[in-house]
Amino acid sequence: MDRLRLEQTIKEYGDGVYSFCVYLTKNRTEADDLYQDALLKAIELDEIDFYRNPKNYLIGIAINLWRNKLRKLCILGKKVVNFTARQEEITSLSAGGNPQAEAEKNEVKARVRAAVNSLPDRYRIPVLMYYNRDMSVGRISEILNIPQGTVKSRPHKARMLLGKQLEDLV
């Protein structure tokens, strides 16, 4: 991959891939490393098909690298540390808005994010890919190398688990 093509790829798809890395790792420092590793791996492989969806390809590389890292940590007998939850960035309230309603809305969002982040990776990753990245079941199946039926069942199971955790919000 030439330098110009790399710069164009990062410019077009970098933000989406990076934000997915943040959701996946639950930590900005880990996300930085994962994002860079994914780009380096893409350069090394030099197989990006720009006529298909390069962003999904890069996300697939990031997922595989993250799985490999977790697998290595488990093989070494280390306990995978639950990284500190990433903090919400401070946003200013819009002028004329209802501060109490805005605070309640932010609290609900934070609770939902925390609940999703508490899911096991087998449920959390397909949920993030499906709902946050709007990937199709077929594409998720390709990236994760699992049957489409499994891809469909995991978000369903995740919704059931989330429903139990968040039933007081409903």
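Biologist: What share of the contacts in the protein chain with a separation of 6 or more comes from residues 24 or more positions apart?

Modeller: This is a predicted model, in which local features need pLDDT of at least 70, side-chain atom pairs count only at pLDDT 80 or more, and totals for chains, interfaces and linings use all residues. Residues are numbered from 1 along each chain as its sequence is written, and side-chain values use heavy atoms, with hydrogens and water left out. A contact means heavy atoms within 4.5 Å. Among contacts with a separation of 6 or more, the share from residues 24 or more positions apart is 66%.

Biologist: Which helix gives the most to the largest nonpolar core?

Modeller: A nonpolar core is a set of buried (under 20% relative accessible area, 1.4 Å probe, protein chains only) Ala, Val, Leu, Ile, Met, Phe, Trp, Tyr and Cys residues joined through side-chain atoms within 4.5 Å. The largest one has 38 residues, and Leu58, Ile63 and Leu144 are among those touching the most other members. Helices are DSSP runs (H or I, at least four residues), numbered from the N terminus; α1 (3–25) and α3 (54–75) are among those that each supply at least two residues of this core. With seven residues, the greatest contributor is α3.

Biologist: How are α5 and α7 oriented, and why?

Modeller: Their axes, lines fitted to C-alpha atoms over the stretch in contact, with angles from 0 to 180 degrees between N-to-C directions, come within 8 Å and cross at roughly 105°. Because angles of 65 to 115 degrees count as roughly perpendicular, α5 is, relative to α7, roughly perpendicular.

Terms used. Buried < 20%, exposed > 50% of the residue type's maximum accessible area, 1.4 Å probe, protein only. Parallel < 35°, antiparallel > 145°, perpendicular 65-115°, else oblique.
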